[in-house]
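Let's take a friendly walk through this model together. Have the structure open beside the text, and turn it as you read.

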Amino acid sequence: MCIGIPLQLIECEEQTAICEAGGRRERLNIVLVGPQAVGTWLLAYQGSAIRVLTGDEALQSRAALAALTKRMRVGTIVS
């Protein structure tokens with residue numbers, strides 16, 4: 001399964017941006033979303049920004065990913 005990761009833009013160029021969140025820093029291709037302002041949240045997937053996120057969407061996604069990571073560390077998920 002592949003999951004997009006919310007990252008916050010800290011530096012923007014014409015076709016790439018440096019983004020980070022939670023200690024993770026990544027250079028993203030921003031051709032799909034265009035140049036954005038510093039502070040904008042982007043949904044990153046395989047080295048590309050695929051969507052601009054609101055602050056609330058980024059917060060919810062990061063919380064869900066944190067919960068999933070915590071659960072995976074505890075053990076397997078039982079249905």
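The report below goes from the overall fold to single residues and ends with a pocket.

## Overall picture

This is a predicted model, and the mean pLDDT of the protein chain is 91. Of its residues, 92% reach 70 or more. Confidence peaks in strand β5 (residues 48-53), where the mean is 98, and is lowest in α1, at a mean of 90.

The chain holds five strands and one helix. Reading from the N terminus, the order is β-β-β-β-β-α. Taken along the principal axes, the C-alpha atoms fill a box of roughly 45 × 20 × 20 Å. There are 79 residues in the chain, and 27% of them count as buried. Among contacts between residues at least 6 apart in sequence, 32% join residues at least 24 apart.

## Cysteine 19 and glutamate 26

Let's start with cysteine 19, which is found in strand β2 (residues 16-21). Is this cysteine buried or exposed? Cysteine 19 counts as buried because its relative accessibility is 0%. Beyond residues up to four places away in sequence, cysteine 19 touches Leu7, Gln8, Leu9, Ile10, Arg24, Arg25, Glu26, Leu28 and Leu42. Its C-alpha atom is separated by 9.2 Å from that of valine 38, and the two residues are 19 apart along the chain.

One of those partners, glutamate 26, sits in strand β3 (residues 24-29). A charged residue such as this deserves a look at its accessibility: at 18%, glutamate 26 counts as buried, since the cut-off for that class is under 20%. Which side chain does glutamate 26 meet in a polar contact? The partner is arginine 24, and the contact spans 3.1 Å. Leaving aside neighbours within four places in sequence, glutamate 26 is also in contact with Leu7, Ala17, Ile18, Cys19 and Gly47.

## Threonine 40

Threonine 40 belongs to the loop between β3 and β4. With a relative accessible area of 16%, threonine 40 is buried. A polar atom of its side chain lies 2.7 Å from the backbone oxygen of alanine 37.

Which residues does threonine 40 touch when those up to four places away in sequence are not counted? They are Leu7, Gln8, Leu9 and Val52. Leu7, Gln8 and Leu9 also appear among the residues touched by cysteine 19.

## Cysteine 2, glutamine 46 and isoleucine 50

Now to the N-terminal end. Cysteine 2 lies in the segment before β1, and it counts as exposed because its relative accessibility is 54%. Not counting residues up to four places away in sequence, cysteine 2 touches Tyr45 and Gln46. Cysteine 2 and tyrosine 45 are 43 residues apart in sequence, yet their C-alpha atoms are 8.1 Å apart in space.

Glutamine 46, in turn, lies in the loop between β4 (41-45) and β5. At 66% relative accessibility, this glutamine counts as exposed. What stands out in its backbone is phi, which is near 50 degrees, a positive value in a residue other than glycine. Most residues other than glycine have a negative phi.

Isoleucine 50 follows in strand β5. This isoleucine is partly exposed, with a relative accessible area of 39%. Tyr45 is among its contacts too, together with Leu32, Val33 and Leu43, not counting residues up to four places away in sequence. From isoleucine 50 to proline 35 the C-alpha distance is 12 Å, with their positions 15 residues apart in sequence.

## The largest pocket

Rolling a probe the size of a water molecule over the atoms shows where empty space is left. Here, the largest pocket has a volume of about 200 Å³. Its lining is made up of Ile5, Pro6, Ala21, Gly22, Arg24, Arg62, Leu65, Ala66, Leu68 and Thr69. Arg24 is thus part of this lining, and its side chain is the one joined to glutamate 26 by a polar contact.

Which element supplies the largest share of the lining? It is α1, with five residues. Both β1 (5-12) and α1 (55-74) supply at least two residues each. By type, the lining divides into six nonpolar, two polar and two charged residues.

Key: Residues are numbered from 1 along each chain as its sequence is written. This is a predicted model: local features need pLDDT of at least 70, side-chain atom pairs count only at pLDDT 80 or more; totals for chains, interfaces and linings use all residues. Side-chain values use heavy atoms; hydrogens and water are left out. Helices (H or I, at least four residues) and strands (E, at least two) are DSSP runs, numbered from the N terminus. Buried means under 20% relative accessible area, exposed over 50%, partly exposed in between (1.4 Å probe, protein chains only). A polar contact is a pair of N or O atoms within 3.5 Å; within protein, one must be able to donate a hydrogen and the other to accept it, and residues adjacent in sequence count only if both atoms are side-chain atoms. Contact means heavy atoms within 4.5 Å. On a 1 Å grid over the protein atoms alone, a cavity is a set of points where a 1.4 Å probe fits but cannot get out, and a pocket is an open set with protein on both sides within 12 Å along at least five of seven lines; lining residues have an atom within 4 Å of a point. Grid points are joined across faces, edges and corners, and a volume is the space filled by probe spheres set on the points. pLDDT is the predictor's confidence in each residue, from 0 to 100.
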